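User: Please take a close look at the salt bridges here and tell me how they sit in the fold. Add whatever you can on the neighbouring parts of the chain.

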Amino acid sequence: MGLNHVQITKSFGKLKNWIGNKEVESSTSQYMDLMSPYTGEKIGEVPMGTASDVDAAVKAAKAAFKIWSNTNIKERVQVMFKMKALMERDFEQLKQLVALENGKTLAEAHGDVAKAIEVLEFGCSIPNKISAPMLEVSNGIYCQVIKEPVGVVASIVPFNFPIMCPMWTIPIALTVGNTMVLKPSEQVPLGSLKLAALLKEAGLPDGVLNIVNGGVDVVNAICDHKDIKAMSFVGSTKVAKIVYGRAAMAGKRVLALGGAKNHLVLMPDANLETAPTQIVDSAMGCAGQRCMAASLMVAVGDCEKHIAGMVAYAKSIKVGEKLGAVINKQSVDRINKYITEAQNLGAKVLVDGRNQKPDNSDIKGIENGYWVGPTLLDNVSPDMPAGCEEIFGPVLSIVHVKTLEEALKIENNNPYGNAASIFTTSGANAQYLFRNANAGMNGVNVGVPVPREPFGFGGWNDSKFGNGDLTGDQGIDFWTQDRKITTKFIEPQVRNWMS
Ligand code: NAD
């Protein structure tokens, strides 16, 4: 389904924050234009919130915590069950919002919402997961561990998955009893606001989820706020590092996920029919704006037939049909600059995505959208900017080496560590990769190896600051603290050191 089916809404007007289960005007006078990546047209205005907006949200969350944390988990989880039904009811609307504000195709927007629902389903399973372990550790003496909420927590999310990224944190953090201040990306605030309205409809009490719109000032105020006990961040490495340091200095528990430069190794024995298309899709899907996108392919030995297949397939992908828009004009310029720079440094542009426009769309003004077509750069060296930096666009750089050992060396020299994949039909090659790659999420014949629930999401190295994963069982650990209880209700027959 192409972009023709995306409904371009004229304007959402001046957006508000969401505090205490209702829209609340921001205290700021500064607003940022919200643009549709499809047309470059303004579709609303986002308040660039202030520390006092954060304070108001924290106050609401703090008041709600007293009630919500004392509500039985069996009751709390009912809200998440209802939320699932509501997200399924409004699936089409959610998809449309994602496509409109982020530029994804409807198929990709579908994935964003579906993946969010999957995390929600995991949230619904939490009561079964955290039933407290108990052991008689001595005669008549029992030790028990209860997982308790941390308090008011915060979640700061990026632009690239407007529904999934907020839902990486909301179902888990809230089901275990925390209350939250969420800061969406100022570039895609609509998805989060819609989620908040649905949660209210699902029965979430006032103040349990609050949204403050804005940018750096809001993030800084969240990092510094003494009543926020734990926070997660998802975004670029540059900001993840700053946020991690600042929030940790303020005494918070922090998990900050950063950017990536994901390496994919292509072996000559890889399936010639499926590998080329899969690899191209891994790089071009969501216009390359995925922290798990394949960004650098290391071709080992003679992979010319595979590369020819990749070129043919990449040329068949048209912007505005299978490929959506990138988020903004600055992104178009940044991506084009990487391509031109690589070319000037000696790379060969096998498929050129610069200056492409959709040609089969009914959307008025689509020629003014933010488009970059699929791009394949050959003969890149790992030290070129296109060979080692995160481009965050539909560009795959290709490096050639003679051995798998050399390929792994290139992967492991990169400071990031989200994903590393290999395309091969040899078990030995596959094992060599996942025994040696310096990356948290590994794929064999899977170019975007995102672990699905109940497995946790999280990379290594400069792709993550802090311990544990954000989703899956480790997400439960991150949003809870363990209370250890030792009880003795009967007089032990034998006195011992625990008496
Ligand atoms: P970003 O770092 O620019 O923004 C992320 C959040 O930080 C936003 O809410 C933004 O308002 C805020 N922010 C921006 N600059 C800031 C600053 N100087 N100080 C404090 N806060 C600031 O990231 P983005 O452009 O929205 O998203 C793309 C990036 O996110 C890519 O690098 C991508 O790899 C990464 N990402 C990582 C993961 C992961 O799981 N590791 C997932 C999705 C996206």
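Analyst: A residue is called buried when its relative accessible area is under 20%, exposed when that value is over 50%, and partly exposed in between. The model is predicted. With a relative accessibility of 16%, Lys-194 falls under the 20% limit and therefore counts as buried. Its side chain meets that of Asp-90 in a salt bridge, with 2.9 Å from N to O. Lys-194 belongs to helix α7 (residues 189-201), while Asp-90 sits in the loop between α2 and α3 (91-102), so this contact ties together parts that lie 104 residues apart in sequence. Asp-90 is buried too, at a relative accessible area of 11%.

That is one of 24 salt bridges in the structure. Another is formed by the side chains of Asp-227 and Lys-62, at 3.3 Å from N to O. Asp-227 is found in the loop between α8 (216-224) and β10 (228-234), and Lys-62 in helix α1 (residues 51-68); the pair therefore ties together parts 165 residues apart in sequence. The two ends of this bridge fall in separate classes of accessibility: Asp-227 is buried at 16%, whereas Lys-62 is partly exposed at 43%.

Further along the chain, Asp-281 forms a salt bridge with Lys-322, and the closest N and O atoms are 3.2 Å apart. This pair also links distant parts of the chain: Asp-281 is in helix α10 (residues 275-284) and Lys-322 in the loop between α11 (304-316) and α12 (329-344), 41 residues apart. Asp-281 has a relative accessibility of 29% and counts as partly exposed. Lys-322, at 44%, is likewise partly exposed. As for shared partners, salt bridges join Arg-89, Asp-90, Lys-194 and Glu-201 into one network. The bridge described at the start, between Lys-194 and Asp-90, thus involves two members of that network.

The loop that carries Asp-227 leads to β10, and the strands can be followed from there. β10, helix α9 (residues 237-249) and β11 make up a β-α-β unit that is right-handed. The strands β10 and β11 run parallel and are joined by five bridges. Met-231 is placed opposite Val-254 of β11. Strand β11 (residues 253-257) has four of its five residues buried, so the rest of the structure largely encloses it. β11 also pairs with strand β19 (residues 464-465), in the antiparallel sense and over two bridges. There, Ala-256 has Phe-465 of β19 as its bridge partner.

Helix α2, which precedes the loop holding Asp-90, also takes part in a pocket. The second largest pocket holds about 300 Å³ of space. It is lined by 14 residues, and those closest to its centre are Ile-73, Arg-76, Ile-130, Ile-146 and Lys-147. Both α2 (73-89) and β6 (141-149) supply at least two residues of this lining. The biggest share comes from β6, with four residues. Sorted by class, the lining has seven nonpolar, four polar and three charged residues.

Key
Residues are numbered from 1 along each chain as its sequence is written. This is a predicted model: local features need pLDDT of at least 70, side-chain atom pairs count only at pLDDT 80 or more; totals for chains, interfaces and linings use all residues. Side-chain values use heavy atoms; hydrogens and water are left out. On a 1 Å grid over the protein atoms alone, a cavity is a set of points where a 1.4 Å probe fits but cannot get out, and a pocket is an open set with protein on both sides within 12 Å along at least five of seven lines; lining residues have an atom within 4 Å of a point. Grid points are joined across faces, edges and corners, and a volume is the space filled by probe spheres set on the points. Ala, Val, Leu, Ile, Met, Phe, Trp, Tyr, Cys and Pro count as nonpolar, Asp, Glu, Lys and Arg as charged, and the others, Gly among them, as polar. A salt bridge is a side-chain nitrogen of Lys or Arg within 4 Å of a carboxyl oxygen of Asp or Glu. Buried means under 20% relative accessible area, exposed over 50%, partly exposed in between (1.4 Å probe, protein chains only). Two strands pair if DSSP finds at least two bridges between them. A crossover is right-handed if, with the strands pointing away from the viewer, the path from the first strand over the helix to the second runs clockwise.
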